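Here's a quick briefing to read with the model open beside you. It goes topic by topic, so feel free to jump around.

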Amino acid sequence: MLSLLLLSLFASRQSHALQDSRSQSLEEGSSHANMSHTIDLHFPVFNGEDFENTMDVYVIATKEQQPRVQEQLKEMGLLDYSEIVDHVSADKIEAYERHPDCKLSSTDLARSVSHSRAYRNYLDTSPNKFALFLEGDFVTSSNIKDKSKMPQLLMAMIKDQGNSKWDILNLGRCSDCCSTDCQNALSNVHGFTTVQSKSASCGVGYLVTRRGAKALRLGSYPVDTKADANMIRVGKWGTAEYLAVTPKVFEQESSSKGECASEGSCNKHCDSGVHSFSVDVTSNPRFYPTKLPQGKEFTEDQRKSFFGHMDFLTSPQCNLGRKMKLQVVEWGFGATINSIIKPIMHALRFGYCIENPSGYVKYPCPNGVWNDVFLPTSADNKESSAAPDLHSFYGGEKGGGEKYNAT
């Protein structure tokens with residue numbers, strides 16, 4: 001437990017988003033951030049052999065989608081370079097492909113497992129350095145005037161990868177924060193701007209490097225979240241550089257039942273600068289010591305106080321109206337512990353109740369890492385003299401916490 005106190009010292013260092021020296025903020029009213037016209041693409045003569053030796057194209061489609069997919073690929077000049085892979089049905093998913101704590105619907109699970117299998121197919125069977133993954137309900141964005149120039153556009157984006165350094169490039173993002181405060185422009189390829197943003201959702205179409213595909217496969221085997229959430233996650237973990245383009249190159253078919261199409265305005269996100277959500281974080285930290293002394297310098301009162309806060313936030317009595325469930329990231333034992341500690345530090349700072357973590361597969365330990373490493377925080381600490389007053393401390397009245405969300 002003392003190690004948790006010492007490691008908490010790292011939280012006093014403010015996180016800074018990765019800023020490339022080549023980055024610049026998108027300007028208000030930029031024609032690339034708010035396209036109202038189609039882009040007329042002009043390229044030299046297409047070299048099919050060069051394309052074939054550079055990238056693969058995989059389309060994840062159901063049997064019903066495949067005839068329409070073939071027509072779409074033919075219009076784009078990609079049919080001869082593409083492999084249509086079957087979208088797995090929920091009843092054909094192996095038990096080991098689904099994480100024990102996975103809460104996805106059968107539809108989302110099938111889609112995510114299909115993506116995961118496609119990553120493996122690419123990594124196991126192709127020597128090419130890049131691949132394009134498309135979902136069966138994709139359509140070429142109305143932002144592109146001449147669809148037949150798609151191979152040249154993709155090759156130009158791959159050539160630009162040496163500048164923007166992406167491992168995963170979302171070509172059809174939605175539900176992202178698209179204001180100038182949320183995204184930085186890294187480069188421009190024939191009217192399409194590569195941006196670094198907060199959380200580009202929707203996996204209808206995206207380019208990957210082999211490093212990106214490996215990170216996506218590792219993050220989706222077994223599957224515990226949606227395919228696009230996995231892309232966001234590996235970007236935040238730092239196992240792959242996750243970027244996006246604006247305006248979109250691909251979007252979901254309007255008649256599709258996919259999550260983006262069901263939002264109605266989803267296909268307009270980030271081409272019109274629409275905000276889809278904001279992170280709700282209070283600006284007034286609660287229990288967050290400005291300086292933590294070395295372990296030998298902790299007084300008994302400090303120790304009891306810290307344990308008291310931990311016990312309160314992890315107990316069933318915590319009722320602040322704000323809750324987080326820890327998700328373990330098992331990338332080595334140190335990373336596993338760190339994936340628990342950092343959310344706990346956030347909970348201590350901003351006042352979140354903490355549910356027991358899930359995701360233990362590699363390091364279950366006899367009683368679970370949570371109990372073995374973080375005791376007594378997962379059990380009632382009889383020494384916690386601060387516990388009776390903590391609802392009030394975190395902004396709510398004793399036993400309720402109603403006032404906390406207003407702070």
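Glu-52 counts as partly exposed because its relative accessibility is 47%; buried means under 20% relative accessible area, exposed over 50%, and partly exposed in between (1.4 Å probe, protein chains only). You'll find Glu-52 in helix H2, residues 48–52; helices (H or I, at least four residues) and strands (E, at least two) are DSSP runs, numbered from the N terminus. Keep in mind that this is a predicted model: local features need pLDDT of at least 70, side-chain atom pairs count only at pLDDT 80 or more, and totals for chains, interfaces and linings use all residues. Residues are numbered from 1 along each chain as its sequence is written, and side-chain values use heavy atoms, with hydrogens and water left out.

**Surface patches**

- Glu-52 joins Glu-49, Asp-50 and Asp-80 in a negative surface patch.
- Patches take residues with over 30% relative accessible area and no salt bridge, joining like charges within 9 Å and nonpolar side chains (Val, Leu, Ile, Met, Phe, Trp, Tyr) within 5 Å.
- On the charge side, Lys and Arg count as positive and Asp and Glu as negative, while His and the chain ends are not counted; each charge is placed at NZ of Lys, CZ of Arg, CG of Asp or CD of Glu.
- There's a nonpolar surface patch too, made of Leu-218, Trp-237 and Trp-331, with about 290 Å² of accessible area together. Those areas come from the Shrake-Rupley method with a 1.4 Å probe, and for residues only the protein chains shown count as cover.
- Trp-237 sits in helix H7 and counts as partly exposed because its relative accessibility is 31%.

**Salt bridges**

- The count comes to 12 salt bridges, each being a side-chain nitrogen of Lys or Arg within 4 Å of a carboxyl oxygen of Asp or Glu.
- Glu-75 and Lys-147 pair up through their side chains at 3.5 Å, N to O. This pair links distant parts of the chain, 72 residues apart: Glu-75 is in helix H3 (residues 66–76), and Lys-147 is in the loop between strand S5 (138–140) and helix H5 (150–164).
- Both ends of that bridge get some exposure: Glu-75 is partly exposed at 41% relative accessibility, and Lys-147 is partly exposed with a relative accessible area of 29%.
- Arg-117 and Glu-97 make another bridge, at 2.8 Å from N to O. Arg-117 lies in helix H4 (residues 106–125) and Glu-97 in the loop between strand S3 (82–86) and H4, so the bridge ties together parts 20 residues apart in sequence.
- Here the two ends differ in cover: Arg-117 is partly exposed at 34%, whereas Glu-97 is buried at 8%.
- Arg-173 bridges to Asp-176, with the closest N and O atoms 2.7 Å apart, and both residues are buried.
- Asp-108, Arg-111 and Lys-226 are joined into one network by salt bridges that share partners.

**Nonpolar core**

- The largest nonpolar core has 36 residues, and Leu-132, Leu-153, Met-157, Leu-171, Val-249 and Phe-250 touch the most other members. A core here is a set of buried Ala, Val, Leu, Ile, Met, Phe, Trp, Tyr and Cys residues joined through side-chain atoms within 4.5 Å.
- Two or more residues each come from strand S2 (55–61), H3, strand S4 (130–135), H5, strand S7 (184–189) and strand S10 (242–246).
- H5 gives the largest share, seven residues.
- In soluble globular proteins, nonpolar side chains tend to be buried together.

**Backbone oddities**

- Tyr-221 and Pro-222 are joined by a cis peptide bond, with omega about 5°; Pro-222 is in the loop between helix H6 (210–219) and helix H7 (227–237).
- Thr-246 and Pro-247 are also joined by a cis peptide bond, with omega about 0°; Pro-247 is in the loop between S10 and strand S11 (250–252).
- Ser-175 isn't a glycine, yet its phi is positive, near 50°. Ser-175 lies in the loop between strand S6 (168–170) and S7 and is buried at 12%.
- Cys-202 has a positive phi as well, near 75°. Look for Cys-202 in the loop between strand S8 (192–196) and strand S9 (205–209), where Cys-202 is buried at 3%.
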